[in-house]
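Where does this chain leave empty space, and what packs around it? Here is a brisk tour of its pockets, cavities and cores.

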Amino acid sequence: MSMITNQPAKMGSYSEDDVLFLLKDLSSIQLEDSTVNREMRVQSGQHYSESLPIEYQPPKEYVDLFWSTANDYKSKVALCVGIVAEQIYRNKGNQAILVSLARAGTPVGILIKRYIKFRYGISLPHYSVSIIRDRGIDENALHYILKNHPEGNIQFVDGWTGKGAISLELTKACGEFYEKYHIQLDDQLAVIADPGQCTTLFGTREDFLIPSACLNSTVSGLVSRTVLNNNYIEKNDFHGAKYYRELLPSDVSNDFIELIAGEFSAISQEAGKTALQRVYEELNAGFAGMQDVKTIQAEYEIGSTNYIKPGVGETTRVLLRRVPWKILMRDPSSPYVRHILMLAEEKGVEVEIYPRMNYLCMGLIKSVKEISK
């Protein structure tokens with residue numbers, strides 16, 4: 001099989017001890033377009049994974065806010081990482097292979113790997129692979145991992161859940177992988193925060209700000225979103241991504257990892273205790289967040305749930321790389337939404353108070369009809 005020629009890309013600003021990217025390096029190709037052009041193309045039927053948004057470079061005040069937020073919540077983020085890492089290690093032990101979903105999953109996978117190394121002295125393999133809504137997971141990457149770790153037990157990792165689209169995509173992809181190759185993969189996604197109630201493997205279900213959601217590539221190893229475009233990706237290739245070397249001066253990827261990992265010794269006892277209690281809790285993944293989304297879809301007459309992005313992490317992303325119509329906010333005084341208010345003001349996006357939802361906020365995307373007016 002020719003897919004064996006694929007090797008991890010030497011890309012990104014993380015150390016190879018932290019993560020191996022199973023991606024094809026497309027750095028030399030011009031894939032970016034303005035947010036508005038891209039939004040119109042995506043809404044006219046082009047798949048979002050075929051092009052890239054231009055990376056938003058935030059003003060100094062915003063980066064300062066990222067750091068103050070990261071410092072305010074470093075202990076909480078570390079605790080949530082520890083809780084989910086303890087559960088992974090208890091379930092899979094030394095056989096666990098961390099497979100983070102590029103790109104929001106990458107820093108989280110690194111932190112889980114670092115925690116398990118700190119707590120148990122075991123260095124688990126960690127890969128970052130691409131999964132794309134409506135297109136599935138990179139099967140060539142999965143074959144590479146399984147070939148190199150025949151005894152391993154894959155654990156998929158992401159940053160947080162919104163509506164659960166990626167959880168559902170992962171379950172579907174694992175089902176298809178089993179049908180094709182008769183290999184059973186565990187489709188349970190491990191995340192730091194699960195406000196959408198899409199998994200039973202999480203640090204918390206509170207909709208809180210994971211600081212790495214505030215920035216784009218500069219907190220994810222300078223790697224772009226993943227790309228699946230047949231002009232550049234052949235059948236046996238890994239999915240693609242770009243390495244933004246030109247952003248090295250503003251890269252905080254490793255600083256963020258060190259900041260959170262520095263808290264592990266203070267939280268490890270509590271993390272272990274909480275993870276142990278989870279065994280006895282009646283947890284289910286009922287996708288409760290979808291109810292909020294459907295209510296708002298009906299109330300605001302929004303054509304597709306794809307235009308509704310619930311939760312702090314997803315709302316931030318809408319403001320960073322889509323064309324938002326308005327932001328609904330349960331409680332604008334929450335410290336977790338300061339950066340969202342700052343971005344909304346900078347981009348002239350209306351913020352509407354909407355107390356009747358479980359999420360802290362939601363980003364609503366404009367339809368093309370609205371953009372072209």
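The report below covers open pockets, closed cavities, nonpolar cores and a few buried residues.

## Basis

The model is predicted. Rolling a probe the size of a water molecule over the atoms shows where empty space is left.

## The largest pocket

The largest pocket holds about 880 Å³ of space. Its lining counts 43 residues. Nearest its centre lie Tyr48, Arg133, Ile166, Arg225 and Lys309.

Several elements give two or more residues to this lining: α1, β4, β5 (96-102), β6 (126-132), α5 (165-181), β12 (308-310) and α9. The largest share comes from α9, with 4 residues. By class, the lining of the largest pocket divides into 17 nonpolar, 14 polar and 12 charged residues.

## The second largest pocket

The second largest pocket has about 240 Å³ of space. It is lined by 17 residues. Ile137, Asp138, Glu139, Leu228 and His239 lie nearest its centre.

β7 (136-137), α4 (139-148) and α5 each supply at least two lining residues. α5 gives the most, with 4 residues. The classes here are 5 nonpolar, 4 polar and 8 charged.

## Closed cavities

How many cavities of 30 Å³ or more does a search of the whole structure find? The search finds 3. The largest has a volume of about 110 Å³. Of its 13 lining residues, Ala104, Ser212, Leu215, Ser220 and Arg317 are the closest to its centre. Helix α9 (residues 312-321) provides the largest share of this lining, 3 residues. The lining of the largest cavity has 7 nonpolar, 3 polar and 3 charged residues.

The second largest cavity contains about 60 Å³ of space. It is lined by 14 residues, and Trp160, Asp207, Phe208, Val312 and Gly313 are the closest to its centre. Again α9 gives the largest share, 3 residues. The class split for the second largest cavity is 8 nonpolar, 3 polar and 3 charged.

## Nonpolar cores

The largest nonpolar core has 79 residues. Met11, Val81, Ile112, Ile192, Phe208, Phe264 and Ile340 touch the most other members. Helix α2 (residues 60-92) contributes the largest share of this core, 13 residues. Apart from it lies another core, of 24 residues. Ile97, Tyr127, Val129 and Ala173 are among them.

Phe208 links two of these topics. It is listed among the core members with the most contacts, and it is one of the residues closest to the centre of the second largest cavity. Leaving aside residues up to four places away in sequence, Phe208 touches Lys76, Val77, Cys80, Ile192, Ala193, Val312 and Tyr336.

## Helix α6 and its cover

Which residues of α6 are buried? They are Ser253, Phe256, Ile257, Leu259, Ile260 and Ala261. Their cover includes α2, α3 (105-120) and α7 (264-278). An α-helix has 3.6 residues a turn, so residues three or four places apart point the same way.

## Tyrosine 243

Tyr243 sits in the loop between β11 (240-241) and α6 (253-261). Is this residue buried or exposed? Tyr243 counts as buried because its relative accessibility is 12%, and the cut-off for buried is under 20%.

Beyond residues up to four places away in sequence, Tyr243 touches Met11, Gly12, Ser13, Asp25, Ser27, Gly221, Leu222 and Leu248. Tyr243 and Asn153 are 90 residues apart along the chain, and their C-alpha atoms are separated by 29 Å.

## Histidine 47

His47 lies in the loop between α1 (35-43) and β4 (52-53). His47 is buried because its relative accessible area is 13%, again under 20%. Not counting residues up to four places away in sequence, the contacts of His47 are Ile132, Arg133, Asp134 and Arg135.

Two polar approaches involve the side chain of His47. A polar contact of 2.8 Å joins it to the side chain of Ser49. The backbone oxygen of Arg133 lies 2.8 Å from a polar atom of the His47 side chain. Arg133 is also one of the residues nearest the centre of the largest pocket. His47 and Ala190 are 143 residues apart in sequence and 26 Å apart in space, C-alpha to C-alpha.

Notes: Residues are numbered from 1 along each chain as its sequence is written. This is a predicted model: local features need pLDDT of at least 70, side-chain atom pairs count only at pLDDT 80 or more; totals for chains, interfaces and linings use all residues. Side-chain values use heavy atoms; hydrogens and water are left out. On a 1 Å grid over the protein atoms alone, a cavity is a set of points where a 1.4 Å probe fits but cannot get out, and a pocket is an open set with protein on both sides within 12 Å along at least five of seven lines; lining residues have an atom within 4 Å of a point. Grid points are joined across faces, edges and corners, and a volume is the space filled by probe spheres set on the points. Ala, Val, Leu, Ile, Met, Phe, Trp, Tyr, Cys and Pro count as nonpolar, Asp, Glu, Lys and Arg as charged, and the others, Gly among them, as polar. A nonpolar core is a set of buried Ala, Val, Leu, Ile, Met, Phe, Trp, Tyr and Cys residues joined through side-chain atoms within 4.5 Å. Buried means under 20% relative accessible area, exposed over 50%, partly exposed in between (1.4 Å probe, protein chains only). Contact means heavy atoms within 4.5 Å. A polar contact is a pair of N or O atoms within 3.5 Å; within protein, one must be able to donate a hydrogen and the other to accept it, and residues adjacent in sequence count only if both atoms are side-chain atoms.
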